[in-house]
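Visitor: I should like a close look at a single part of this structure, with its strands, its charged pairs and its buried residues described in turn. Please take me through it in one connected account.

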Amino acid sequence: MTDPPELSEKLVNSGQGAAANAADIPVSNRAAASGISGEGENSDDGEDQPAVAVDASAAKKKKNKKKKPKKKQAKTQTDPPSIPISQLFPNNTYSKGEEAAEAHRQVRQWAQRSIKPGQTLLEIANGIEDSARRLVGHDGLTEGDSLIAGMGFPTGLNIDNVVAHYSPNAGCKTVLKESNVLKVDIGIHVGGRIVDSAFTMAFDPVYDNLLAAVKDATNTGVREAGIDVRVGELGGLIQEAMESYECEINGKTHPIKAVRNLCGHTILPYSIHGTKTVPFVKSNDTTKMEEGDVFAIETFGSTGVGRFVEGGEVSHYALRGDANRKDLTLASARNVLGAIKKNFSTIPFCRRYLDRIGQEKYLLGLNNLVKSGIVEDYPPLNEKQGTYTAQFEHTILLRPNVKEVISRGEDF
């Protein structure tokens, strides 16, 4: 196997980062600079000092000397997060283009602190999404506002054997339990540049090895990714890391298996799924990672067979960029298509997002758009009933001489 080139991984924490240029997606966070008070003038108070003649012009210059303005102190974020990222940095010391990455870190870390058994999935999803919108400064309630900045896709809240693509629809009564394994997948965008990162929470230590296996696999993928790396070989390294673990549940030992029919992926502007993929198992795919690629390096592990099937109530949808805009005879289909174009374009959305912008009785029209091939639906992905799955994910950007781990934070 060809060794990947040596690239320095820039682990982006809340106190370090690199500025993005106009062609880049949001990159790492810069810490808020400390406020520095203006310096006052010193004066001699000694009573025994002899009188000294002072030149009049020099005295006038001293008198007219202005004090340096005091720099504004950074604000402290609230709990839950509500202060826009742009207001957290004094004197605009943050770099433009970094808002999505920093918003993601703050919302993600708050979610890990706040999510508890007993909460409904609706409460969790709305809390995450409301905070994200506040931090990027766009609530998405006026036409087109969510295209400027907001959610990069519906928040995934996938429990136990549900691998991905589940977000609660209105009326969902599901309550998080102490025994559940919860995968939380969050996407935030600014100007169409999406930061995608996910983590898994379990409240029973019996699942610790499952989580450790998948986190190790994701970190392996992040570490070994780089320019000219072949994605099939990278998948083999991910698989090797993940499948070296096992997990004992109720006295039975389960080898952790990589979910074979899922992949990581590139991210394009206003599109969460690009043209390249990263498998979780070794394959013959010789596609190379290239300079400028933005990848979501995500891995899924399972105590089951390592494969998913589609099924269940659909929540995730996205307008197809290549769809043939045929004439629609159904009025409700035309109406909801107009709302999708104006508010989401090709960014994935869910039924709750249509609800909050005032769309009503749209389901028939939405299903018609899916049937017509104009909108893609994404049913939940499910492993075998009774099994448990986990997910961890980071977004990386491949620069010529450095690998930016855009979503890295103090949490993972």
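Guide: The account below begins with a sheet and then turns to salt bridges and the nonpolar core. The model is a predicted one.

The sheet is an open one of 3 strands, arranged in the order β14-β13-β15, with antiparallel pairing. Because β14 (349-350) and β15 (375-378) stand at the edges and each has a single partner strand, one side of each is left without a neighbour in the sheet. Strand β13, covering residues 316-319, is joined to β15 by 4 bridges, and the two run antiparallel. Across this pairing, Ala-318 stands opposite Glu-376 of β15, while Tyr-317 stands opposite Asp-377 of β15. Towards β14, strand β13 has 2 bridges, again with the strands running antiparallel. There His-316 has Cys-350 of β14 as its bridge partner.

The faces of the sheet can be considered next. In a regular strand, side chains alternate between the two faces of the sheet. For β13, both faces are covered: His-316 and Ala-318 are buried on one side, and Tyr-317 and Leu-319 are buried on the other.

Charged side chains come next. The structure holds 10 salt bridges. One of them joins Glu-102 and Arg-105, whose closest N and O atoms are 3.1 Å apart. These two residues are separated by about one helical turn, because they lie 3 residues apart in helix α3 (residues 99-114). Glu-102 and Arg-105 are both buried.

Helix α3 also takes part in a salt bridge between the side chains of Arg-108 and Asp-411, with an N to O distance of 2.7 Å. This pair links distant parts of the chain, since Arg-108 belongs to helix α3 and Asp-411 to the segment after β18 (402-405), 303 residues apart. The two partners can be set out by accessibility: Arg-108, at 0% relative accessibility, counts as buried, whereas Asp-411, at 23%, counts as partly exposed.

A further salt bridge is formed by Glu-129 and Arg-352, with the closest N and O atoms 2.8 Å apart. Glu-129 lies in helix α4 (residues 121-136) and Arg-352 in helix α9 (residues 351-356), so the pair ties together parts that are 223 residues apart in sequence. Both Glu-129 and Arg-352 are buried. Elsewhere, Lys-276, Glu-290 and Asp-293 are linked in a network of salt bridges.

The nonpolar core completes the account. The largest nonpolar core has 100 residues, and those touching the most other members are Met-289, Ile-340, Phe-349, Leu-369 and Val-375. Helix α4 gives the most to this core, with 8 residues. The sheet is represented among the core residues just named, for β14 spans 349-350 and β15 spans 375-378, and Phe-349 and Val-375 are both on the list.

Met-289 may be examined individually. Leaving aside neighbours within four places in sequence, Met-289 is in contact with Ala-225, Gly-226, Ile-227, Asp-228, Val-229, Val-231 and Leu-234, among others. Its contacts also include Lys-276, Val-278, Phe-295, Ile-297 and Leu-398. Lys-276 thus appears twice in this account, as a contact of Met-289 and as a member of the salt-bridge network with Glu-290 and Asp-293.

Methods
Residues are numbered from 1 along each chain as its sequence is written. This is a predicted model: local features need pLDDT of at least 70, side-chain atom pairs count only at pLDDT 80 or more; totals for chains, interfaces and linings use all residues. Side-chain values use heavy atoms; hydrogens and water are left out. Two strands pair if DSSP finds at least two bridges between them. Buried means under 20% relative accessible area, exposed over 50%, partly exposed in between (1.4 Å probe, protein chains only). A salt bridge is a side-chain nitrogen of Lys or Arg within 4 Å of a carboxyl oxygen of Asp or Glu. A nonpolar core is a set of buried Ala, Val, Leu, Ile, Met, Phe, Trp, Tyr and Cys residues joined through side-chain atoms within 4.5 Å. Contact means heavy atoms within 4.5 Å.
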